[in-house]
Amino acid sequence: MLRTLVLKVDPDKPENGLIKEAAQIIKKGGLVAFPTETVYGLGANALNDEAVRSIYKAKGRPSDNPLIVHVSSIEQVYHLASEVSLLARRVMEVFWPGPLTVVLPCKDTVSKTVTGGLDTVAIRMPKHKVALTLIGTAQLPIAAPSANTSGKPSPTEAEHVLADLAGRIDAVIDGGSAKVGLESTVLDLTSDPPVILRPGGVSKEELEAVLGHLGVDSAIEGDGSEIPRAPGMKYRHYSPAAPLILIEDGPLSIMADVIKELAADYVKRGKRVALLISDEMYPLIQDIDKVETTTLGSRNQLEDIAGGLFGGLRRLDLAHPDVILAEGYSKQGIGLAIMNRLKKAASKIVEI
Ligand code: TXA
Ligand code: MG
């Protein structure tokens, strides 16, 4: 077992020496987890096949689930993609650095281990000083999935990374909380119109304001029967240890009644109930007999809900409930990504 090195840095002014140390590990083929604005990533040299393979091993990730290559300049994209359309160039100029991943046709030189055997490659430039400095210092494109054990919620703190991967990776750069809290939006630019394969930090509305009409992979809104075009989206994900029951968005008082009814039923059967709710819901569910309540912020500030969601799921696990009842949200803006993640975490969805 490795001893995982923890490098604590100032997120806004990361110390040169520490970033150099991390970059050296990457150059030598090691694994370094690092903060981005979305979630923590588990990075390796994207050009070193063996290093990339060790990412899959550390996470227990299925090998057909491709990785995102992280860059610190648009220039680097031309070494990875076989074709960069004017539209692709514009999308990168507008949304990078930021929580948007673009899928482009890939060059033969890109390892099939990175692409999961596909002829496309996913690329993003993160908006985080630590991530950008690390990539720039290593002078390499860095392949990085979220730094969690496969199936678990993505990490938004270095301690989440350590809880999953301590002893399995060389180092983690602790740069505080990942602010967005949900992963990047994955946009396939190889189809016309472009298609959102995974909703995320950049909303559909923001993308449409620049690109016009967009497709959304039918598997995202579907009943689970379609096969998603982003291989990773087909796996159950983000799962807390206890089953999570998601109450779809509706009027607050009706959602509260449903949560109360379900909770009473579980308590009657001797089950330990935990709640994952908004500030507005909190006063309405006071009477419920519960072992843990996690509030994520206001329903009117979906960015706050997104920011706390994965940490909230991990915190609930620590109370070892038998069941988690979770409030649903509107699908406007980042709400589409929030509901996508909650649905993937859920073992049952209650419609209102
Ligand atoms: O915000 C993020 O995107 C974070 C941070 C670390 O950058 N990364 C992340 O990576 O979420 P990961 O590996 O957990 O999710 C990548 C998603 C998966 O669903 C994968 O299947 C999809 O992107 N993907 C990667 N390459 C693809 C490709 N060529 N075509 C379609 N989907 C692809
Ligand atoms: Mg992931």
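Buried here means under 20% relative accessible area, exposed means over 50%, and partly exposed lies in between, with a 1.4 Å probe and protein chains only. Helices (H or I, at least four residues) and strands (E, at least two) are DSSP runs, numbered from the N terminus. With that in hand, let us start with helix 2, where Ala 51, Val 52, Ile 55, Tyr 56, Ala 58 and Lys 59 are buried.

Before going further, a word on conventions. This is a predicted model, in which local features need pLDDT of at least 70, side-chain atom pairs count only at pLDDT 80 or more, and totals for chains, interfaces and linings use all residues. Residues are numbered from 1 along each chain as its sequence is written, chains are lettered from A and ligands numbered from 1 in the order in which they are written, and side-chain values use heavy atoms, with hydrogens and water left out. The predictor's confidence in each residue, pLDDT, runs from 0 to 100. The chain averages 96, and 100% of the residues score at least 70. Among its elements, strand 2 (residues 32-34) has the highest mean pLDDT, 99, while helix 9 (residues 218-221) has the lowest, 85.

Back to helix 2. Its buried residues are covered by elements that include strand 3, helix 5 (112-115), strand 7 (142-143) and helix 7. At the N-terminal end, Asn 48 acts as a cap, with a side-chain oxygen 3.0 Å from the backbone nitrogen of Glu 50. Beyond the helix comes Gly 60, whose phi is positive, near 70°. Arg 53 also belongs to helix 2, but this residue counts as partly exposed because its relative accessibility is 47%. The C-alpha atoms of Arg 53 and Ser 253 are 49 Å apart, with these positions 200 residues apart along the chain.

Helix 2 also leads us into the interior. A nonpolar core is a set of buried Ala, Val, Leu, Ile, Met, Phe, Trp, Tyr and Cys residues joined through side-chain atoms within 4.5 Å. The largest one has 47 residues, of which Leu 42, Val 77, Trp 96, Leu 100, Leu 187 and Leu 207 touch the most other members. Elements giving two or more residues to this core include strand 3 (41-45), helix 4 (86-95), strand 5 (100-105) and helix 8 (204-211). Helix 2 gives the most, with five residues. In soluble globular proteins, nonpolar side chains tend to be buried together.

Trp 96 is a good place to look around. Contact means heavy atoms within 4.5 Å. Leaving aside neighbours within four places in sequence, Trp 96 is in contact with Val 71, Ile 74, Val 77, Val 91, Val 102, Ile 123, Arg 124 and Met 125. There is also a second, separate core of 27 residues, which includes Leu 296, Ala 306, Phe 310 and Met 339.

Now to ligand 1. A residue is near a molecule if one of its heavy atoms lies within 4 Å of it. Of the 28 residues around ligand 1, Thr 38, Asn 65, His 70, Ser 184 and Gly 232 come nearest. A polar side-chain atom of His 70 is 2.6 Å from an oxygen atom of the ligand. For an N or O atom in the side chain of Asn 65, the distance to a ligand oxygen is 2.7 Å, and for one in the side chain of Arg 124 it is 2.9 Å. Taken alone, ligand 1 exposes 680 Å², and the protein buries 97% of that. These accessible areas come from the Shrake-Rupley method with a 1.4 Å probe; for residues, only the protein chains shown count as cover.

Finally, let us visit helix 12 (residues 335-345), the home of Asn 340. Ten of the eleven residues of helix 12 are buried, and its cover includes strand 10 (195-198), helix 9, strand 12, strand 13 (273-277), helix 11 (302-318) and strand 15. Asn 340 counts as buried because its relative accessibility is 8%. A polar contact is a pair of N or O atoms within 3.5 Å; within protein, one must be able to donate a hydrogen and the other to accept it, and residues adjacent in sequence count only if both atoms are side-chain atoms. The side chain of Asn 340 makes such a contact with the side chain of Arg 341, at 2.9 Å.

In strand 15 (residues 323-327) we find Glu 327, which counts as buried because its relative accessibility is 0%. A polar atom of the Glu 327 side chain lies 2.7 Å from the backbone nitrogen of Ser 278. Contacts of Glu 327 beyond four places in sequence include Leu 246, Met 281, Arg 299 and Leu 342.
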